[in-house]
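Me: Got a model open here and want to talk through the fold. Can you take me round it?

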Amino acid sequence: MQVIGFNFKKIQAEKKNLSKDKLTIDSNVNIQNISEEKIEAVKDKPVLKFDFNFTVNYKPDVAEIKLQGMVLLMVEKDQSKMIFKKWKNKEVLEEIRVPLFNLILTKCNLKAMMLEEELSLPTHIPLPRIKPQQNNNTNYTG
């Protein structure tokens, strides 16, 4: 499997209401469709297009971020058949699913965090923070 393309088709971010209730943030990614693409530069292997949706919901009804896009993957012919066989049940082949979702999550989380910054929303994933050291040793060596 080789990634040959990634594009966003739709980017939507909306800040709705401020709430004094406890804020919960949920994110979700799912594959909407898998189809074969004809690309002139790649003739010897199948290229599959994976359409996806990524959402971040700030509840209760505070904000929502929606990203839609597609990933193009070049796969082996036998792998392509297995992918479409699994897709009949709306399942993604495990050997494709993990790297595909990791790619989508990486790109979408970064884009969502930029939108959250623009809308002054808390980030949907915790960012690393440093804490002051708790040092019980009062001796200084230096």
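Reply: Start with the hairpin strands. β2 (residues 24-39) and β3 (residues 42-59) run antiparallel, joined by 14 bridges. Strands here are DSSP E runs of at least two residues, helices are H or I runs of at least four, and both are numbered from the N terminus. Two strands pair if DSSP finds at least two bridges between them.

Me: What are the ground rules for the model?

Reply: It is a predicted model: local features need pLDDT of at least 70, side-chain atom pairs count only at pLDDT 80 or more, and totals for chains, interfaces and linings use all residues. Residues are numbered from 1 along each chain as its sequence is written, and side-chain values use heavy atoms, with hydrogens and water left out.

Me: Back to the hairpin. How many residues join β2 to β3?

Reply: The hairpin connects them through 2 residues. For register, N30 stands opposite N53 in β3.

Me: What's the strand order in the sheet?

Reply: β1-β4-β3-β2, an open sheet of 4 strands with antiparallel pairing. β1 (2-15) and β2 are at the edges with a single partner strand each, so one side of each has no neighbour in the sheet. The twist averages 15° from one strand to the next.

Me: How many bridges join β1 to β4?

Reply: 12, with β4 spanning residues 63-74. K10 has Q68 in β4 as its bridge partner.

Me: Which strands does helix α2 touch?

Reply: α2 (residues 94-118) packs on the sheet and touches β1, β2, β3 and β4. Its direction makes about 140° with that of β4. Axes are lines fitted to C-alpha atoms, for helices over the stretch in contact, and angles run from 0 to 180 degrees between N-to-C directions.

Me: New topic, G69. Buried or exposed?

Reply: G69 is buried, at 2% relative accessibility. Buried means under 20% relative accessible area, exposed over 50%, partly exposed in between (1.4 Å probe, protein chains only). G69 sits in strand β4.

Me: What does G69 contact beyond its neighbours within four places in sequence?

Reply: N7, F8, K9, F50, D51 and F52. Contact means heavy atoms within 4.5 Å. The C-alpha atoms of G69 and K9 are separated by 4.7 Å, though the two are 60 residues apart along the chain.
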